[in-house]
Amino acid sequence: MLTAQETAARLGVKLSTVYAYVSRGVLKSHMTPDRTSRFDSRQVEQLAVRGRPRLSSQESSINLLIETGLTMLSESGVVYRGHHLADLVAAHSFEEVAELLWTGVLSVGKQAAWESQPIGPFDVPIDQQVRVICSLVPPTPLRWSAPDPASVAAEARTLLATIVDSLIPVGTVVRTRLVVGDRRLSATIAARLWPRLTRTGATPEGLRLLNTALIVMADHELATSTLAVRVAASTLASPSAAVLAGLGAMQGPMHGGASGLARELLLDAQQRGAAAAVQSRLANNEKIAGFGHRVYSGPDPRATLMLDLMQRSLPRHRALQVAHDVIDETVQRIDKQPNIDIALAAFEVAMDMEPNSAETIFTVARVAGWIAHAIEEYSEPPLRFRARAHYTGPLAKPRVSPRRH
């Protein structure tokens, strides 16, 4: 159930318009015991899609409504299968959250072992290594029927562990425990990934930040790359093949590559100051990477969660202060709120990670969500994404029939 404010934000209308919809019978309001109005998120989503053709024609975008039981987005935060993101990062490992997305069950310390089959090494930049690794993972045999969820989850554990363990280490691999809640965990994905990103030694605080980044990036409803994964899964492509479809869609700067541009902004701000770094980009009519989001009218709740945790873990770190200076300057100049890309870039700079490490974190994390969407899509009728085109090209000349003698 959504609040009136969340409903207005999702529909892109004023609060008064929401209540006008109620009075006209367009939207049903549910009264809570404390006399506040709540709205069914499914009805709001249907109205949002039905009411957006005019916006779609202006933006040249195509809007699809696909039912999912995985992730719900709102201004107040992200929810995975009924669990708030803030609660998950406080008490669970990335592996446990991935298992929640795949199976619907959130367990503590009972997940299966994540064993890898390393591939490589590859003499390519880190942001390209994941694509190379996934392309070389032996595909599962083609099937005329959808694979069962348990077998896909088992394949996903091996795939994710293989991706992480196949990345070339840049730092020393040491045994450092991840602390979540009151538990100290070893051999986690966060601990295995850390030395592949930075030469800086792992600390419990650093691993907790990395574990948080992996969890908040695991899924974000139907992002472009996730839709690509679902389209591939609808053809009964194998899980690894569906992941490759998502990797292709993620390459652009409008999606997975934005964190690299945000890193450049922060490094520039460290040298020249936030005002000069932001102003130079505005003067050149450049997009300020790490700000604004198509879903959220306010700050990206994932960025807020990540930056708050960094503030507690690294209260006096210069990279974090520079990030806040850039955020203040940008919000004041263009009135766009920070998104997760600026938070990931700040983490990357603070931990002295290799360039494009934030994109690698994004990719590794999102594989978990992609697999969950593939599992969901396998239960749908195959090939349901068959769009039709409206031809606008030149008309063919009438064919001349050959004369018969």
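**Figure 1. Overall fold of the protein chain.** For 405 residues, a compact globule would have a radius of gyration near 22 Å, and the value of 23 Å found for the protein chain agrees with this. The model shown is predicted. The C-alpha trace spans about 80 × 60 × 50 Å along its principal axes. The protein chain contains 18 helices and eight strands. Of its 405 residues, 48% count as buried. Among contacts with a separation of 6 or more, 72% are between residues 24 or more positions apart.

**Figure 2. Surface and charges of the protein chain.** The exposed area of the protein chain is about 20,600 Å², and 53% of this area comes from carbon and sulfur atoms. The chain has 43 positive and 38 negative charges. The mean positions of these two sets of charges lie 8 Å apart.

**Figure 3. Helix H17 and its cover.** Helix H17 runs over residues 340-350, and 11 of its 11 residues are buried, so the helix is largely enclosed by the rest of the structure. Among the buried residues are Ile-340, Ile-342, Leu-344, Phe-347 and Val-349. Asp-341 and Glu-348 are also buried, as are Ala-343, Ala-345, Ala-346 and Ala-350. The cover over the buried residues of H17 includes H10, helix H13 (258-272) and helix H15 (301-313). Helix H16 (318-334) and helix H18 (357-378) also belong to this cover.

**Figure 4. The two ends of helix H17.** At the N-terminal end of H17, Asn-339 acts as a cap. A side-chain oxygen of Asn-339 lies 2.9 Å from the backbone nitrogen of Asp-341. Just after H17 comes Asp-352, with a positive phi of about 50 degrees. Asp-352 is part of the loop between H17 and H18. With a relative accessibility of 55%, Asp-352 counts as exposed, because the limit for that class is over 50%. Asp-341, by contrast, is buried.

**Figure 5. His-220 and its surroundings.** His-220 sits in the loop between helix H10 (204-216) and helix H11 (224-233). Its relative accessibility is 6%, so His-220 counts as buried, the limit being under 20%. The side chain of His-220 forms a polar contact of 2.6 Å with the side chain of Tyr-296. Apart from neighbours within four places in sequence, the residues in contact with His-220 are Leu-73, Val-78, His-293, Tyr-296, Arg-302 and Arg-366.

**Figure 6. Ser-166 in helix H8.** Ser-166 belongs to helix H8, which covers residues 149-166. At a relative accessibility of 5%, Ser-166 counts as buried. A polar atom of the Ser-166 side chain lies 2.7 Å from the backbone oxygen of Thr-162. When residues up to four places away in sequence are not counted, Ser-166 touches Pro-118, Ile-119, Gln-129 and Ile-133. Gln-129 is 37 residues from Ser-166 in sequence, and their C-alpha atoms are 8.4 Å apart in space.

**Figure 7. A cis peptide bond at Pro-121.** Most residues other than glycine have a negative phi, and most peptide bonds are trans. The bond that joins Gly-120 and Pro-121 is a cis peptide bond, with omega about 10 degrees. Pro-121 is found in the loop between helix H6 (94-103) and helix H7 (126-136).

**Figure 8. Ala-187, a residue with positive phi.** Ala-187 is not a glycine, yet its phi is positive, about 60 degrees. The loop that holds Ala-187 runs between strand S8 (183-185) and helix H9 (189-193). With 51% relative accessibility, Ala-187 counts as exposed. Asp-352, shown in an earlier view, is likewise a residue other than glycine with a positive phi, near 50 degrees.

**Figure 9. Arg-10 in helix H1.** Arg-10 lies in helix H1, made up of residues 4-11. Its relative accessible area is 27%, so Arg-10 is partly exposed. Leu-64 is 54 residues away from Arg-10 along the chain, and the C-alpha atoms of the two residues are separated by 15 Å.

Technical notes: Residues are numbered from 1 along each chain as its sequence is written. This is a predicted model: local features need pLDDT of at least 70, side-chain atom pairs count only at pLDDT 80 or more; totals for chains, interfaces and linings use all residues. Side-chain values use heavy atoms; hydrogens and water are left out. Helices (H or I, at least four residues) and strands (E, at least two) are DSSP runs, numbered from the N terminus. The radius of gyration is taken over C-alpha atoms; the globule rule is 2.2 Å times the number of residues to the power 0.38. Buried means under 20% relative accessible area, exposed over 50%, partly exposed in between (1.4 Å probe, protein chains only). Contact means heavy atoms within 4.5 Å. Accessible areas come from the Shrake-Rupley method with a 1.4 Å probe; for residues, only the protein chains shown count as cover. Lys and Arg count as positive and Asp and Glu as negative; His and the chain ends are not counted. The place of a charge is taken as NZ of Lys, CZ of Arg, CG of Asp or CD of Glu. A polar contact is a pair of N or O atoms within 3.5 Å; within protein, one must be able to donate a hydrogen and the other to accept it, and residues adjacent in sequence count only if both atoms are side-chain atoms.
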